[in-house]
Amino acid sequence: MKVETAMTESTQKINLLGFSPKKLEEFFVSIGEKPFRSTQVLKWIHQFGASSFDEMTNISKALRQKLSEVSEIREPEVLVQNISKDGTRKWVIQLDGGSAVEAVLIPENGRATLCISSQIGCSLDCSFCSTGKQGFNRNLSAAEVIGQVRVAIRSFGPFDPNGDRRVTNVVLMGMGEPLMNFDNVVDAIHLMMDDNAYGLSKRRVTLSTAGVVPQIDKLSQVTDVSLAISLHAPTDELRDQLVPINKRYPIAELVDACNRYMANLKDKRVITVEYTLIAGVNDHPSQAKQLVKLLKRLPCKLNLIPFNPFPNSDYRRPSEDAIQAFKMVMVKAGVITTVRRTRGDDVDAACGQLVGQVMDRTRRSEKYIPLKDASGVQQEPPR
Ligand code: SAH
């Protein structure tokens with residue numbers, strides 16, 4: 001399948017898929033309709049998975065006609081679906097313009113966590129992340145961000161608002177820096193957390209950032225989503241090398257911004273601190289001790305991510321002993337620490353392995369074609 005032929009046709013119509021509840025209401029008022037109609041349509045789109053206005057049986061024919069003349073519900077197209085032996089599902093999602101991003105669903109202990117992308121490539125360039133190595137194409141639209149949630153739910157069959165939840169948690173930890181795509185990401189978050197759309201609690205939606213400090217403050221004014229920060233180093237000297245945005249917003253400023261964010265929340269929550277463990281770079285026990293000191297300044301839990309290798313990277317994953325030794329320093333100091341275990345290895349779904357297809361790098365697509373699941377059976381993209 002050629003990328004160009006799989007592209008969704010672009011029309012001039014307004015795509016309602018990414019409209020936040022507030023924007024959808026404004027849209028209905030702007031076309032002379034009562035605001036409550038927007039709630040009905042919101043439910044159709046996000047709770048029943050409607051893709052056309054014809055399905056919306058509690059809305060008059062005249063209004064359905066009017067809506068279909070000016071607007072549409074257009075979901076990004078699934079180019080490839082991979083199902084791993086361990087149940088992990090990965091989608092390569094085709095976007096207007098020929099690029100593709102990836103989303104991953106990880107089932108675990110009765111939960112199913114969906115990891116979604118926010119940009120094509122990434123506007124940051126962290127030294128250990130393969131997404132960054134793909135360069136940057138553009139921000140995803142709100143429809144493309146929320147579209148990944150719809151795609152994941154749809155992969156289990158028709159939408160059933162009263163059935164089991166197929167996606168219980170969403171993390172913005174896929175490709176891209178969500179806070180560099182602020183408005184679209186916030187619209188999508190509002191949809192995830194709205195009771196008339198996906199109704200996920202604020203504890204079950206997590207935005208992960210490399211530390212765009214002013215945007216963290218801005219975020220707290222518009223939502224109370226859970227926050228994760230990609231720290232990866234206990235000192236500015238090292239973090240400058242791993243996470244270049246640290247040169248602009250050093251650790252002390254990031255920690256202060258996180259504390260301001262937490263102070264604004266109405267409930268008691270902690271920040272998730274992500275720390276990718278890289279052999280000989282940031283995994284020494286003395287660095288663990290420095291990290292203990294640093295984390296005392298922040299209500300948080302620590303998530304250690306053993307480095308996932310990718311082609312042309314000189315970094316290595318630490319030995320299991322080194323990972324455990326680092327973890328023990330943290331645990332003994334009273335820091336709640338988990339080690340993120342790699343899932344979906346056989347479909348390249350691990351952290352830092354999401355590469356999608358950033359335009360001008362078309363050779364990547366060869367890896368995904370033909371469409372295969374873990375058993376090697378050829379599949380059609382789900383519809
Ligand atoms: N830009 C955001 C969202 C990406 S989240 C952020 O930086 O938080 C992806 C997480 O996986 C981040 O914590 C990132 O640092 C981590 N990661 C990236 N590449 C990795 C790799 N090769 N191995 C392990 N973790 C990696």
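1. A polar contact here is a pair of N or O atoms within 3.5 Å. On that cut-off, the side chain of histidine 232 makes such a contact with the ligand: an N or O atom of this side chain lies 2.7 Å from a ligand oxygen. The model is a predicted one.

2. Two further side chains belong with histidine 232. Serine 230 places a side-chain N or O atom 2.6 Å from an oxygen atom of the ligand. Glutamate 177 addresses a nitrogen atom of the ligand instead, with a side-chain N or O atom at 3.0 Å. As for cover, the ligand taken alone exposes 540 Å², and the protein buries 95% of that area.

3. Which elements give two or more residues to the shell around the ligand? They are strand E10 (205-209), strand E12 (271-277) and strand E13 (300-306). The ligand is surrounded by 22 residues, and the closest of them are Phe128, Ser208, Ser230, His232 and Asn308. Serine 230 and histidine 232 thus appear both in this closest set and in the polar contacts described above.

4. By residue class, the shell around the ligand holds 11 nonpolar residues, nine polar ones and two charged ones.

5. The second largest pocket deserves a separate entry. Its volume is about 380 Å³. The lining consists of 19 residues, and those nearest the pocket centre are Ile153, Asp160, Pro161, Asp164 and Arg165. In this lining, nine residues are nonpolar, five are polar and five are charged.

6. Away from the pockets, there is a run of paired strands to note. Strand E4 (residues 89-94) pairs with strand E5 (residues 100-108) in the antiparallel sense, over six bridges. One of the pairs is glutamine 94 with alanine 100, the latter in E5. The two strands form a hairpin with five residues between them, and in the turn glycine 97 has a positive phi of about 100°.

7. Strand E5 also pairs with strand E6 (residues 111-115): the two run antiparallel and are joined by five bridges. Here proline 107 stands opposite alanine 112, which is in E6. What separates E5 from E6 in their hairpin, and which residue takes a positive phi? Two residues lie between the strands, and asparagine 109 has the positive phi, near 45°.

8. A point to keep in mind when reading strands such as these: in a regular strand, side chains alternate between the two faces of the sheet.

Conventions
Residues numbered from 1 in each chain as written. Predicted model: local features only at pLDDT ≥ 70, side-chain atom pairs only at ≥ 80, totals over all residues. Heavy atoms only, no water. Near = heavy atom within 4 Å. Polar contact = N/O pair within 3.5 Å; in protein donor to acceptor, adjacent residues only side chain to side chain. Areas by Shrake-Rupley, 256 points an atom, 1.4 Å probe, with all protein chains shown as cover. Helix = DSSP H or I, 4+ residues; strand = E, 2+ residues; numbered from the N terminus. Nonpolar A, V, L, I, M, F, W, Y, C, P; charged D, E, K, R; others polar. 1 Å grid on protein atoms, 1.4 Å probe; cavity = no way out; pocket = protein on both sides within 12 Å on 5 of 7 lines; lining within 4 Å. Points joined across faces, edges and corners; volume = space filled by probe spheres on them. Pairing = 2+ DSSP bridges.
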